[in-house]
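Here is a set of questions and answers to work through with the model open. Each answer reasons briefly and closes on what was asked.

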Amino acid sequence: MALVTACSNRSHTDDAALDAAFDGGPGASSDSGPDAPARDGAVADCACLPGDHTTHIFLMSQDGEVWSFDPQANAAEFVVGPVCRGIRPFSMAVDARGRAFIQDADSLGVEVLDLTGLSGGGACEASTYERRDPRYGLFGMSFATPSATDTCADLFVFTYDGDGPFSEGPDSGRLGVIDPATGALTDIALIDYDGGELSGTGDGRLFAFTGVDPAKLVEYDEDTGAVLETIPLDGFSKTNASAMGFFAGDLYLFVEASPPGCVPCLEATCGTEYEACLADAVCRDDLACSIEAADLRDDCGGLLSAGMMSCLGACTEPCFTPPRARVSEIWRFDLDGSDGATRSLTRVVDALPIRVVGAASSPCVPVGPI
């Protein structure tokens, strides 16, 4: 599913001030001096540095490992980990310099890891963010530029109250932004979702993967938090672990894969009862809920027929795999419609080696089809 960026739309600084804000954090450098490139306002300060963050989406596993995902090859590779002295990661963002910002679910603080050199292995430095607003505890996050012409990205955050699964309802969450130079958080707006994954772009757009029954993609206005578009993903669930990254006009969704032995067991044991359940939206959703939760209870699986409950009971071992023992799959949403008139959702990786709890694309990845 952290906090200061290479530059801020709200308070642009030179590199010396920025590096001071990171308290000498990883990858700190200065472009000042006689050999520094000419500056055009803040644009040069915010320019993308070379590195894999310009061509890959970075993933964070539940065990604190960082992996890179190449959307052009649909392939993932281990990078480093466990990172940050074994914190329990909740979310991740990557800035234009190739630095990962990782929120610790226990301390609610944010650690910074330089992905371009990794000379310190998985060692991290604390960011300047300090929680002062009690409304912001856990949050999904992403860097996004304020416009197509301004390359300075801000760090946007999307709250989760930490109590149970993600949910939706009027004014149930908040959208905010963190200043890169000071670590100060500015509240933008109340939003109708509690919990969501953010992904921003280098051309001034901000998206959330959020909601239930079904999950949704929501585009927000960065300045006001106004909803620009809501895209229901009918029949699609965020599962217990989810994340999202943007690349080349598309959104990549990382969710838990179904336990591999579950469907074969249900097909062999339940036969026509299972087929009928899949054909009924209520039964299908109730079955998916119980398998995702690895549990059968009144509010999750309780609407299944007696026959389907009996079948599921016979498949408890392969279907009710503990969440921490599961892995993630990857889906690509054709956001820009480059694959056709209907924006499609396609599974591109059946099973990763890890369970993904955070994903991050920097504002430096391509914004259009390649």
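Q: How many nonpolar, polar and charged residues are in the lining of the second largest pocket?
A: This is a predicted model. In it, the second largest pocket holds about 160 Å³ of space, and 13 residues line that pocket. Sorted by class, the lining has seven nonpolar, three polar and three charged residues.

Q: Which lining residues lie nearest the centre of the second largest pocket?
A: The lining counts 13 residues. One of those nearest the centre, Ala248, sits in the loop between strand 16 and strand 17. The full set nearest the centre is Phe247, Ala248, Asp250, Tyr252 and Ile370.

Q: Is Ala248 buried or exposed?
A: Ala248 belongs to the loop between strand 16 and strand 17. Its phi is positive, near 50 degrees, and the residue is not a glycine. The relative accessible area of Ala248 is 8%. Buried means under 20%, so Ala248 is buried.

Q: Where is Thr239 found, a residue with a positive phi although it is not a glycine?
A: The phi of Thr239 is about 60 degrees. Its relative accessibility is 18%, and Thr239 counts as buried. Its place is the loop between strand 15 (227-233) and strand 16 (242-247).

Q: Which strand gives the largest share of the largest nonpolar core?
A: The largest nonpolar core has 31 residues, and Leu59, Phe209, Leu217 and Phe254 touch the most other members. The largest share of this core is five residues. They come from strand 17 (residues 250-256).

Q: What is the volume of the largest cavity?
A: Among the residues that line the largest cavity are Met92, Phe143, Leu198, Met244 and Ser361. By class, that lining divides into nine nonpolar, three polar and no charged residues. The volume of the largest cavity is about 30 Å³.

Q: Which strands each supply at least two residues of the lining of the largest cavity?
A: The lining includes Met92, Ala93 and Val94, and also Met141, Ser142 and Phe143. Leu198, Ser199, Ala359 and Ala360 are lining residues too. The strands that each give at least two are strand 4 (89-94), strand 8 (138-144), strand 12 (196-200) and strand 20 (356-360).

Q: Is Asp95, which forms a salt bridge with Arg99, buried or exposed?
A: The closest N and O atoms of Asp95 and Arg99 are 3.2 Å apart. Arg99 has a relative accessible area of 1% and is buried. Asp95 has a relative accessible area of 0%. Its value is under 20%, so Asp95 is buried.

Q: What is the N to O distance in the salt bridge of Arg297 and Asp295?
A: Arg297 is partly exposed, at 36% relative accessible area. Asp295 is also partly exposed, at 33%. Their side chains meet in a salt bridge, with an N to O distance of 3.7 Å.

Q: Which residue forms a salt bridge with Asp339?
A: Asp339 is partly exposed, at 47% relative accessibility. Its partner is buried, with a relative accessible area of 18%. The closest N and O atoms are 2.7 Å apart, and the partner is Arg332.

Q: Which residues do salt bridges that share partners join into one network with Asp133?
A: Side chains of opposite charge can pair when their charged atoms come close. The model has 20 salt bridges in total. Those that share partners join Asp133 into one network with Arg135, Arg174 and Asp187.

Q: How far apart in space are Ile191 and Glu168, C-alpha to C-alpha?
A: Ile191 lies in strand 11 (residues 185-194) and is buried, with a relative accessible area of 2%. Beyond its neighbours within four places in sequence, the contacts of Ile191 include Phe158, Gly169, Arg174 and Tyr220. Ile191 and Glu168 are 23 residues apart in sequence, and their C-alpha distance in space is 9.0 Å.

Q: Where is Pro82, at the peptide bond from Gly81?
A: The bond from Gly81 to Pro82 is cis, with omega near 0 degrees. Pro82 is in the loop between strand 3 (75-80) and strand 4.

Q: Is the peptide bond from Asp213 to Pro214 cis or trans?
A: Pro214 is in the loop between strand 13 (206-210) and strand 14 (215-220). Omega of the bond from Asp213 is near 0 degrees, and the bond is cis.

Key: Residues numbered from 1 in each chain as written. Predicted model: local features only at pLDDT ≥ 70, side-chain atom pairs only at ≥ 80, totals over all residues. Heavy atoms only, no water. Salt bridge = Lys/Arg side-chain N within 4 Å of Asp/Glu carboxyl O. Buried < 20%, exposed > 50% of the residue type's maximum accessible area, 1.4 Å probe, protein only. 1 Å grid on protein atoms, 1.4 Å probe; cavity = no way out; pocket = protein on both sides within 12 Å on 5 of 7 lines; lining within 4 Å. Points joined across faces, edges and corners; volume = space filled by probe spheres on them. Nonpolar A, V, L, I, M, F, W, Y, C, P; charged D, E, K, R; others polar. Core = buried A, V, L, I, M, F, W, Y, C linked by side-chain atoms within 4.5 Å. Helix = DSSP H or I, 4+ residues; strand = E, 2+ residues; numbered from the N terminus. Contact = heavy atoms within 4.5 Å.
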